[in-house]
Amino acid sequence: MENKNMSRRDAIRAMMLAGAGLAAGSSMAAAPLRAAGLVSGLQGGIPAPGDKIITRSWKSLGDTVGVLGMGCMRFPQKPGTGRRRELDQDAVNRMIDYALEHGINYFDTAPAYGDSERATGEALSRHKRKDYLLATKMSNFSTADLSACKQMFANSLKNLRTDYFDYFLLHSLSGVEDFNHRYKDNKLIDYLLELRRKGTIRHLGFSFHGSNEGLRQLLELPYKWEFVQIQLNYVDWKEMPLEGSSEPCDSETLYKMLVAKGIPVVIMEPIRGGALANVPAGIKSRIQERFPRLTPAGAALTFASSFPGVMCCLSGMSTMGQLMENVQTFSHFQAFGEDDNAFMADLARLYNANPHIPCTACRYCMPCPHGVDIPGVFGVYNAMSDELRLPDPTNRKAKEYKENRKEFLKRYATLTEADASYCTQCNECIPKCPQHIRIPQQMRRIHTFVKDLG
């Protein structure tokens with residue numbers, strides 16, 4: 001969050017100005033923000049204090065929800081090294097204050113997001129409870145024991161400093177078998193339904209990472225699902241490959257199934273874990289030509305939010321600059337039409353022409369017992385792929401091969417933890433990955449790729 005030529009104190013001061021919204025519309029106020037690197041890439045100007053994001057009202061829920069929601073998994077961290085850095089609570093507070101000021105009222109967290117629940121609770125508790133909608137999840141991945149699950153729920157209430165949740169999700173379901181193991185066989189679903197009857201849970205739903213058939217099965221269960229969270233973005237709209245599964249999956253089918261049932265949709269991964277904010281230059285130039293006021297991230301968010309069945313589109317913002325950019329997009333929101341969606345479909349085809357591992361850097365797979373930096377390895381590979389610069393060892397005579405090889409190996413050498421060669425194929429990471437990536441196989445493939453580069 002800091003510019004190297006600027007002191008941390010000056011950077012924090014700039015963030016405080018941004019959080020307070022002081023004279024945000026003037027070029028004089030914008031100067032320290034830009035100097036701090038907080039609004040890089042922001043198009044269309046800095047949001048004024050009075051700018052509010054668009055909202056949608058849902059009669060079935062009794063709520064008016066800001067279409068842009070704050071995903072609380074990627075909060076800013078304090079400077080330092082290592083895998084588990086401390087969250088920067090002051091920065092979190094400023095971002096949440098700014099979000100509320102500009103109409104964002106839906107905040108999504110989970111026990112699986114490290115220290116997120118505590119940090120979110122501390123920041124939001126400084127505001128009136130009626131001014132925000134709080135969503136968290138039952139992240140019972142390690143054990144389905146009922147008493148442990150009840151304790152997890154109690155901890156979430158404590159960490160988030162509340163006595164009820166507006167939206168509560170069964171975390172990362174893939175189908176009925178998964179549901180039965182984690183929620184039905186242990187009678188946890190009965191417990192959660194009772195909490196809904198008591199008002200401790202206002203609305204009950206689930207987040208979904210699975211095939212089209214998996215969602216169909218879940219929607220046939222005899223429960224009243226009041227909302228469902230799915231992955232939706234323009235790249236996955238027509239096809240969302242699930243590694244390790246041959247079953248078809250795509251955002252369009254998932255969305256249409258929910259709309260047919262009258263279930264409001266919450267969107268996750270609209271920017272594919274940040275990947276669609278950093279698209280290749282050719283794709284970026286096409287976006288800017290068609291949508292001059294939108295960044296690549298803004299175009300991705302607008303696509304996902306233009307469908308009328310979408311209640312809320314979550315964005316995991318890590319900096320004030322990202323937050324301000326998204327507020328700008330949603331306070332001047334113009335829904336895409338059919339021609340715009342066709343244009344985005346062309347972008348998706350171009351994007352998919354390059355090999356890409358569907359890792360969103362959620363870090364559910366970490367820590368690796370053998371020290372492999374799984375998201376880091378995937379990040380280096382995907383970055384070079386997205387830049388159209390992956391060196392092809394089978395075509396060493398290509399004029400760009402030497403330069404691309406050198407750049408790939410340079411980036412690969414900067415991994416702070418073990419690289420793909422340390423993967424022992426123990427498979428402990430496979431059930432933890434919500435994207436169903438066959439991580440050991442990908443690690444073996446990337447290790448072979450690096451060896452072939454010589």
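## Report on a predicted protein model

L347 is buried, because its relative accessible area is 1%, and buried means under 20%. This value, like the others in this report, comes from a predicted model. L347 belongs to helix α13, which spans residues 338-352. When neighbours within four places in sequence are set aside, L347 is in contact with Y234, I283, R286 and I287. A further pair may be considered here: L347 and G282 are separated by 65 residues in sequence, while their C-alpha atoms are 9.8 Å apart in space.

**The protein as a whole**

The protein contains 16 helices and 10 strands. Of its 454 residues, 54% count as buried. Among contacts with a separation of 6 or more, 75% are between residues that are 24 or more positions apart.

**Helices α8 and α9**

Helix α8 covers residues 212-219 and helix α9 covers residues 251-260; the two pack with their axes 9 Å apart, at an angle of about 15 degrees. Angles under 35 degrees count as roughly parallel, and therefore α8 is roughly parallel to α9. The crossing of the two helices is right-handed. On the α8 side, the contact is made by N212, L215, R216 and L219, and on the α9 side by T253, L254, M257 and L258. Five residues of this contact are nonpolar, two are polar and one is charged.

Which residues of α8 are buried? They are N212, G214, L215, L218 and L219. These residues lie on the same side of α8, because they cover an arc of only 160 degrees around the axis. The elements that cover the buried residues of α8 include β6 (165-173), α6 (176-184), β7 (201-208) and α9.

**Backbone features in the loops**

Most residues other than glycine have a negative phi, and most peptide bonds are trans. Two residues other than glycine with a positive phi are listed below, and each is partly exposed.

| Residue | Phi | Loop | Relative accessible area |
|---|---|---|---|
| A361 | near 60 degrees | between α13 and α14 | 39% |
| N427 | near 70 degrees | between α15 and α16 | 41% |

The loop between α13 and α14 (374-386) also holds P367. What kind of peptide bond joins M366 and P367? The bond is cis, with omega at about 0 degrees. The loop that contains N427 runs between α15 (401-412) and α16 (439-453).

Conventions. Residues are numbered from 1 along each chain as its sequence is written. This is a predicted model: local features need pLDDT of at least 70, side-chain atom pairs count only at pLDDT 80 or more; totals for chains, interfaces and linings use all residues. Side-chain values use heavy atoms; hydrogens and water are left out. Helices (H or I, at least four residues) and strands (E, at least two) are DSSP runs, numbered from the N terminus. Buried means under 20% relative accessible area, exposed over 50%, partly exposed in between (1.4 Å probe, protein chains only). Contact means heavy atoms within 4.5 Å. Axes are lines fitted to C-alpha atoms, for helices over the stretch in contact, and angles run from 0 to 180 degrees between N-to-C directions. Angles under 35 degrees count as roughly parallel, over 145 as roughly antiparallel, 65 to 115 as roughly perpendicular and the rest as oblique. A crossing is left-handed if the near helix is turned anticlockwise from the far one by less than a right angle, and right-handed if clockwise. Ala, Val, Leu, Ile, Met, Phe, Trp, Tyr, Cys and Pro count as nonpolar, Asp, Glu, Lys and Arg as charged, and the others, Gly among them, as polar. The arc is that of the directions from the helix axis to the C-beta atoms.
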